[in-house]
Amino acid sequence: MEAITLRKKLHTLIDISTEAKLKEVYHLLQDEEYSETFKAMLDDEFNQYQKNGEVISLKEINNLIEQLLHPKK
């Protein structure tokens, strides 16, 4: 799956997630490098997502959550 697709799916996940799920994802990301460049890239991707209005299915969201919670190394 391409990075741009994953970013769009993450933004959709953020839009529809509960506070508990967002906290869980946030804590996972806290340990990762989160540079200003990376934040700017995510902001740009989110702006593009808002313009396009693309939405993913619940099944795709669950798969994405699973990938985030249990990444394969």
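## Exercises on helix packing in a four-helix chain

K21 is partly exposed, at a relative accessible area of 23% (buried means under 20% relative accessible area, exposed over 50%, and partly exposed in between, with a 1.4 Å probe and protein chains only). The model is predicted: local features need pLDDT of at least 70, side-chain atom pairs count only at pLDDT 80 or more, and totals for chains, interfaces and linings use all residues. Residues are numbered from 1 along each chain as its sequence is written, and side-chain values use heavy atoms, with hydrogens and water left out.

### Exercise 1. The surroundings of K21

Determine which helix holds K21 and which residues K21 touches, not counting residues up to four places away in sequence.

Solution. Step 1: K21 belongs to helix α2 (helices, H or I of at least four residues, and strands, E of at least two, are DSSP runs numbered from the N terminus). Step 2: beyond residues up to four places away in sequence, K21 touches I65 and L69 (contact means heavy atoms within 4.5 Å). Step 3: K21 and I65 lie 44 residues apart along the chain, and their C-alpha atoms are separated by 9.3 Å.

### Exercise 2. The chain as a whole

State the numbers of helices and strands in the chain, and the share of its residues that is buried.

Solution. Step 1: the chain contains 4 helices and 0 strands, in the order α-α-α-α along the sequence. Step 2: of the 73 residues in the chain, 21% are buried. Step 3: when contacts between residues at least 6 apart in sequence are considered, 92% join residues at least 24 apart.

### Exercise 3. Helix α3

Compare the expected span of α3 with the distance between its end C-alpha atoms, then locate its buried residues.

Solution. Step 1: helix α3 covers residues 36–52, and at 1.5 Å a residue its 17 residues should span 24 Å (the expected span is 1.5 Å times one less than the number of residues). The end C-alpha atoms are 24 Å apart, in agreement with that value. Step 2: L42, E45 and Y49 are the buried residues of α3. Viewed down the axis of α3, they fall within an arc of 65 degrees and so line one face of the helix (the arc is that of the directions from the helix axis to the C-beta atoms). Step 3: E36, T37, Q50 and K51, on the other side of α3, are exposed. Step 4: Q48, also found in α3, counts as partly exposed at 32% relative accessibility. The C-alpha atoms of Q48 and K8 are separated by 8.7 Å, with their positions 40 residues apart along the chain.

### Exercise 4. The packing of α1 with α3

Describe how α1 and α3 cross, and identify the residues that meet.

Solution. Step 1: two packed helices are described by the angle between their axes and the distance between the axes. Step 2: the axes of α1 and α3 come within 9 Å and cross at roughly 75 degrees (axes are lines fitted to C-alpha atoms, for helices over the stretch in contact, and angles run from 0 to 180 degrees between N-to-C directions). The two helices, α1 and α3, are therefore roughly perpendicular to each other (65 to 115 degrees counts as roughly perpendicular, under 35 as roughly parallel, over 145 as roughly antiparallel, and the rest as oblique). Step 3: from α1, residues I4, R7, K8, H11, T12 and D15 meet M41, L42, E45, F46, Y49 and N52 of α3. Step 4: R7 of α1 is buried, with a relative accessible area of 16%. Outside residues up to four places away in sequence, R7 touches M41, L42 and E45.

### Exercise 5. Helix α4 and its partners

Identify the buried residues of α4, and give the angle at which α1 and α4 pack.

Solution. Step 1: the buried residues I61, L64 and I65 of α4 cover an arc of only 100 degrees around the axis, which puts them on the same side of α4. Step 2: the buried residues of α4 pack against α1 and α2 (19–30). Step 3: α1 and α4 pack at an angle of about 100 degrees, with their axes 10 Å apart, which makes α1 roughly perpendicular to α4. Step 4: L6, K9, L10, T12, L13 and I16 of α1 make this contact with E60, I61, L64, I65, Q67 and L68 of α4.
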